[in-house]
Amino acid sequence: MMPDLFNGDVVPINRPEGFSIMDWVKDHLPLQTEPIIDTVLKAMRENLGCERIGGVGYCFGGKYVCRYLKPGKIDVGFTAHPTMVEAQELQGIEGPLSIAAAVRDNVFTSAKRHESEEILDKLDIPYQINLFSDVEHGFAVRCDLSKPRQKFAKEQVFAQAVAWFDQYLIV
């Protein structure tokens, strides 16, 4: 399942002049986003009979992977270059979490990454954080595939997610 967390209101890849990401975010907070996720998870569990669910969140979705990584919600989580994950959200996870990070990231900064490592290290759950060189925030979705190092990082993030779910989701 791939729910439309933006309810059709996507951020343009090539943002027009005057576009304010902070104005956009105001219409996409947990109050607006969580009902979408709740509906999808309920349908997956009740209508489709899913016993275990893995959650993947690139950028914006990383926050919700952490918020929902709890029994009865999602069982295993993966995120690449997460955005807006607060310390208490990360402290509250109750399942395995894998993070793919960019060495240069103005959102999931090195300080935020180190804070995340410290938080995860105190929890009794499996976790990993892989750091990729020569890439920036968003690389797992939109990188320059003509650049071998960026292409390698993007492909490795996919492999990381697959290996993580193979290990922790499929039982």
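Which residues line the largest cavity? The legends below address this question and others for a predicted model.

**Figure 1. Close-up of the largest cavity in the predicted model.** The lining of the largest cavity is formed by C66, T79, P82, V85, L90, I99, F108 and S116. By class, six of these lining residues are nonpolar and two are polar, with no charged residue present. The volume of the largest cavity is about 30 Å³, and the structure holds one cavity of 30 Å³ or more.

**Figure 2. Close-up of the largest pocket.** The volume of the largest pocket is about 1,400 Å³. Its lining comprises 44 residues, of which F6, Y58, C59, F60 and G61 are the closest to the pocket centre. Two or more lining residues come from each of the elements α1 (21-25), α2 (30-47), β1 (54-58) and α3 (60-68). Sorted by class, the lining of the largest pocket contains 29 nonpolar, nine polar and six charged residues.

**Figure 3. Close-up of the β3-α5-β4 unit.** Strand β3 (residues 97-104), helix α5 (residues 110-122) and strand β4 (residues 127-136) are shown. Together, β3, α5 and β4 make a β-α-β unit that is right-handed. The two strands, β3 and β4, pair in the parallel sense, and seven bridges connect them. One residue pair may be located in this view: A101 has L131, in β4, as its bridge partner.

**Figure 4. View of the annotated span, residues 2-169.** An unreviewed UniProt entry carries the annotation "domain: Dienelactone hydrolase" for residues 2-169. Within this span, 42% is helix and 17% is strand. The C-alpha atoms at the two ends of residues 2-169 are 18 Å apart.

**Figure 5. Close-up of α1 and β2 with respect to prediction confidence.** Averaged over the protein chain, pLDDT is 95, and 100% of the residues score at least 70. Among the elements of the chain, α1 has the lowest mean pLDDT, at 89. The highest mean pLDDT, 98, belongs to strand β2 (residues 76-80). In general, predicted coordinates should not be read in detail where pLDDT is low.

Technical notes: Residues numbered from 1 in each chain as written. Predicted model: local features only at pLDDT ≥ 70, side-chain atom pairs only at ≥ 80, totals over all residues. Heavy atoms only, no water. 1 Å grid on protein atoms, 1.4 Å probe; cavity = no way out; pocket = protein on both sides within 12 Å on 5 of 7 lines; lining within 4 Å. Points joined across faces, edges and corners; volume = space filled by probe spheres on them. Helix = DSSP H or I, 4+ residues; strand = E, 2+ residues; numbered from the N terminus. Nonpolar A, V, L, I, M, F, W, Y, C, P; charged D, E, K, R; others polar. UniProt positions renumbered as here; feature names shortened; annotations may be inferred. Pairing = 2+ DSSP bridges. Right-handed = clockwise from strand over helix to strand, strands pointing away. pLDDT = per-residue confidence, 0-100.
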